[in-house]
Amino acid sequence: MTNNEDAVHRIDQQLSESHDLLAALIFISENVEDHQHELLQHSAISLCLSVLDKIAAANRDVSLLLRIAA
């Protein structure tokens with residue numbers, strides 16, 4: 001695999017994992033009991049931080065591809 005193909009694969013992977021994490025957050029939010037607000041808050045923060053990390057990683061690979069293309 002070339003550097004370009006590696007970067008594209010990593011971007012696809014990061015976006016797929018971000019989608020799955022957001023889907024998990026939606027599921028948890030829809031199924032939380034009234035007395036579980038603290039659990040929901042902790043889960044939401046953890047999942048959102050993970051998504052932000054994945055978006056940052058994908059952005060680094062997009063930047064790499066743009067530099068290669070220039």
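**Exercise 1. Place Phe-27 and state whether Phe-27 is buried or exposed.**

Step 1. Phe-27 sits in helix 1. Helices (H or I, at least four residues) and strands (E, at least two) are DSSP runs, numbered from the N terminus.

Step 2. Phe-27 has 54% relative accessibility, so Phe-27 counts as exposed. The classes are buried (under 20% relative accessible area), exposed (over 50%) and partly exposed (in between), with a 1.4 Å probe and protein chains only.

Step 3. Take Leu-52 as a partner: Phe-27 and Leu-52 are 25 residues apart along the chain, and their C-alpha atoms are separated by 19 Å.

A note on the source: this is a predicted model, in which local features need pLDDT of at least 70 and side-chain atom pairs count only at pLDDT 80 or more, while totals for chains, interfaces and linings use all residues. Residues are numbered from 1 along each chain as its sequence is written, and side-chain values use heavy atoms, with hydrogens and water left out.

**Exercise 2. Describe the overall form of the protein chain.**

Step 1. Count the elements. The protein chain has 2 helices and 0 strands.

Step 2. Apply the globule rule. The radius of gyration is 16 Å, well over the 11 Å that the rule gives for 70 residues, so the chain is more spread out than a compact globule. Here the radius is taken over C-alpha atoms, and the rule is 2.2 Å times the number of residues to the power 0.38.

Step 3. Check the box. Along the principal axes, the C-alpha atoms fill roughly 55 × 15 × 15 Å.

Step 4. Turn to the surface. Of the 70 residues, 20% are buried. The exposed area is about 5,200 Å², and carbon and sulfur atoms supply 59% of it. Areas come from the Shrake-Rupley method with a 1.4 Å probe; for residues, only the protein chains shown count as cover.

Step 5. Sort the contacts (heavy atoms within 4.5 Å). Among those between residues at least 6 apart in sequence, 73% join residues at least 24 apart.

**Exercise 3. Find the salt bridges and say which parts of the chain they link.**

Step 1. Search the whole structure: 2 salt bridges turn up. The criterion is a side-chain nitrogen of Lys or Arg within 4 Å of a carboxyl oxygen of Asp or Glu.

Step 2. Take Asp-61 and Arg-10. Their side chains meet at 2.7 Å, N to O. Asp-61 lies in helix 2 (residues 37-69) and Arg-10 in helix 1, so this pair ties together parts that are 51 residues apart in sequence. Asp-61 is buried, at 8% relative accessible area. Arg-10 is partly exposed, at 36%.

Step 3. Take Lys-54 and Glu-17. The closest N and O atoms of this salt bridge are 2.5 Å apart. Lys-54 is in helix 2 and Glu-17 in helix 1, and the pair links distant parts of the chain, 37 residues apart. Glu-17 is partly exposed, at 24% relative accessibility.

**Exercise 4. Determine which residues Ser-18 contacts beyond its sequence neighbours.**

Step 1. Locate Ser-18: helix 1 (residues 3-31).

Step 2. Classify Ser-18. Its relative accessibility is 6%, so Ser-18 counts as buried.

Step 3. Leave aside neighbours within four places in sequence. The contacts are Val-51, Lys-54 and Ile-55. Lys-54 is also the salt-bridge partner of Glu-17.

**Exercise 5. Compare sequence and spatial separation for Glu-30 and Glu-38.**

Step 1. Glu-30 lies in helix 1. Glu-30 is exposed, with a relative accessible area of 62%. From Glu-30 to Ser-63 the count is 33 residues in sequence and 36 Å in space, C-alpha to C-alpha.

Step 2. Glu-38 lies in helix 2. Glu-38 is exposed, at 67%. From Glu-38 to Ala-70 the count is 32 residues in sequence and 48 Å, C-alpha to C-alpha.
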